[in-house]
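Me: Could you take a close look at one part of this protein for me, the place where two neighbouring helices meet, and then show me how that part connects to the rest? I work with computed structures every day, so feel free to go residue by residue.

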Amino acid sequence: MSSEPPPTAASASASAPDELAADLSAATLSKKQQKKDARKAEKAEKAAQRQQQQQQPADAEDPFAANYGDVPVEEIQSKVISGRSWTKIGDLDADAAGRSVLIRGATQAIRPVSKKMAFVVLRQSMSTVQCVLVATADAGVSTQMVRFATALSKESIVDVEGVVSLPKEPLKATTQQVEIQVRKIYCINRAVPTLPINLEDAARSEAEFEKAEQAGEKLVRVGQDTRLNYRAIDLRTPANQAIFRIQCQVENKFREFLLSKDFVGIHTPKLISGSSEGGAAVFKLLYNGQPACLAQSPQLYKQMAICGGYERVFEVGPVFRAENSNTHRHLCEFVGLDAEMEIKEHYFEVCDIIDGLFVSIFKHLTENCKKELETINRQYPFEPLQYLEKTLKLTYEEGIQMLKEAGTEIEPMGDLNTEAEKKLGRLVKEKYGTDFFILYRYPLAVRPFYTMPCYDNPAYTNSFDVFIRGEEIISGAQRIHTPELLAKRATECGIDVSTISAYIESFSYGAPPHGGFGVGLERVVMLFCALNNIRKTSMFPRDPQRLVP
């Protein structure tokens, strides 16, 4: 029973209009709010659905979830040896059609066609293949798997399992003329979404830039410094892959040929107490408190090896030059290919070795590296090197005379500058039909202290340079093998004899007449392929301006 008094008639009468107004107001507000509330509810429901989809494990919604995904790091930390068989992309051909294969490569290109179809081009070394994903239950490929593939970043490393098939039309964008019908795809390592340089830009030829310019298009040009700053990406271009394979072949043939001629491979120190060739162009350092420098060449030590009873020696190793030469053909560190040998009668015996060596290298590259040369030629077009079966030899005086007759005056006892070398190369090719020749009997004033003077005129030497396409690649000579003359010449060249005393002394124990040569590996590759800069043939070049990467 209520303890409150019942309302009076007057109070009831007064409150009725207020209640009615409130009811009308509430009814009006509910109509306006209704649509807003409905829209909010719809949005909230969709958001909840999306969140639920994201939170749900993939295998709960995709029966083929096990066929794709990112591989956890712990799975590739040498956890197991599965025994699976891997196929090289370069080995995929028509004979493999219908076969199931497992390949690994970098995602060079990704092209979604629809929600149910996509193309992924994988690259391994110099080879590329097109992988096709089509969402079907029979293939074990879902739309989620297609979406996963198209979301991969370029240059990510992926494993693909699939069946090799033959395309209906020839493929222009890949080296392999087959496709992989993808059944499984796993990402081993994702690249960053945005790369500092685009591989497609870095691989373009000058002809492509000219064609785009004529069409009014502007393509991105990757400059040399940018390439070298991001060398790990730049090295992936087809041309760079080919260049360093050519370089490997040159080095291998150098070793192979000299070994066949009874040369012995040696290794000499790169930390030495004095300059190996004279002059100041050495990198100086302290060696346990003693002044030392990095070797300009293995010259002194390969001669000492000859004194040690090795009739013929060679070395492949680093050479250091502290020259502030910011040119297209100079490096502060390069790979030297050096050889030294006993001479029985004449230093032309050394020239004959060079003749046979380089003709064999040129033939090997031309006959066995066609794929690599064609790849380089696509980005950096060049004319094949012309050479003779028996290498042309001209005296230095004959070369000077050819230049003089062509209107170029050269100091008779001076050295050839870069422009004179190039012009002489053009003149020799016009007259003799060769890009490769030997120029011998150089003036004494332009050769190292250990070079043997000519018997008939001590102002000249038993020395030579070798040229490819008008640029010097080799310097060589007969060496002085008597300690008295060697010490005299070192002093005349301003070298402190005390810093090379062990070298000079080694000739006092009995030394056979000998000679040799040195060549820069990078320069040989540059000139054989007619490339415009030696930095293209040095994997991580060191010039006066660059110490990294």
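Reply: Happy to. Let's begin with helices α12 and α13, whose axes come within 10 Å of each other and cross at roughly 90 degrees. At that angle α12 counts as roughly perpendicular to α13. Please keep in mind throughout that this is a predicted model.

On the α12 side, the residues that meet the partner helix are G399, M402 and L403. On the α13 side they are A420, K423, L424, L427, V428, K431 and Y432. Sorted by class, the contact of α12 with α13 comes to seven nonpolar residues, one polar and two charged.

K423 deserves a pause here. This lysine is found in helix α13, which covers residues 418-432. Is K423 buried, partly exposed or exposed? Its relative accessible area is 21%, so K423 is partly exposed, given that buried means under 20%. Leaving aside neighbours within four places in sequence, K423 is in contact with L403, A406, G407 and T408. M402 is another useful reference point: the C-alpha atoms of K423 and M402 are separated by 9.7 Å, with the two residues 21 apart along the chain.

Now for the other surroundings of α12. There is a sheet to introduce before the helix can be placed on it. Eight strands form this open sheet, in the order β7-β11-β12-β17-β16-β15-β14-β13, with mixed pairing. Its edge strands are β7 (264-265) and β13 (392-395), each of which pairs on one side only. Helix α12, residues 396-405, packs on this sheet and touches β13 and β14 (436-440). The direction of α12 makes about 80 degrees with that of β13. Thus α12 meets α13 through the residues named above and also touches two strands of the sheet.

Moving along the sheet from β14, we come to the loop between β14 and β15, where R441 has its place. Phi of R441 is near 65 degrees, a positive value in a residue other than glycine. At 18% relative accessibility, R441 counts as buried, so it falls under the 20% cut-off.

Next come β15 and β16. Strand β15 (residues 463-468) runs antiparallel to β16, and six bridges join the two. Within this pair, V466 stands opposite I474 of β16. The hairpin that β15 and β16 make has two residues between the strands, and there R469 takes a positive phi near 50 degrees. How many residues of strand β16 are buried? Seven of the eight in β16 (residues 471-478) are, which leaves the strand mostly covered.

On its other side in the strand order, β16 has β17 as its neighbour. Five bridges join β16 to β17 (residues 514-520), and this pair also runs antiparallel. One of the facing pairs is S475 with G518 of β17. If you are following side chains through this region, it helps to recall that in a regular strand they alternate between the two faces of the sheet.

Further along the order we reach β12 and β11. Strand β11 (residues 312-320) and strand β12 (residues 333-342) are joined by nine bridges and run antiparallel. Here a glycine faces a glycine: the bridge partner of G317 is G336 in β12.

For a second helix pair to set beside the first, try α8 (residues 238-260) and α11 (residues 370-379). Their axes come within 8 Å and cross at roughly 135 degrees, which makes α8 oblique to α11. The crossing of α8 past α11 is left-handed. From α8, the contact takes in P238, A239, A242, I243, R245 and I246, and from α11 it takes in E372, L373, T375, I376 and Q379. By class there are seven nonpolar, two polar and two charged residues in this contact.

Finally, a step back to the chain as a whole. The protein chain has 16 helices and 17 strands, and 46% of its 549 residues count as buried. Among contacts with a separation of 6 or more, residues 24 or more positions apart account for 69%.

Conventions: Residues are numbered from 1 along each chain as its sequence is written. This is a predicted model: local features need pLDDT of at least 70, side-chain atom pairs count only at pLDDT 80 or more; totals for chains, interfaces and linings use all residues. Side-chain values use heavy atoms; hydrogens and water are left out. Buried means under 20% relative accessible area, exposed over 50%, partly exposed in between (1.4 Å probe, protein chains only). Helices (H or I, at least four residues) and strands (E, at least two) are DSSP runs, numbered from the N terminus. Two strands pair if DSSP finds at least two bridges between them. Axes are lines fitted to C-alpha atoms, for helices over the stretch in contact, and angles run from 0 to 180 degrees between N-to-C directions. Angles under 35 degrees count as roughly parallel, over 145 as roughly antiparallel, 65 to 115 as roughly perpendicular and the rest as oblique. A crossing is left-handed if the near helix is turned anticlockwise from the far one by less than a right angle, and right-handed if clockwise. Contact means heavy atoms within 4.5 Å. Ala, Val, Leu, Ile, Met, Phe, Trp, Tyr, Cys and Pro count as nonpolar, Asp, Glu, Lys and Arg as charged, and the others, Gly among them, as polar.
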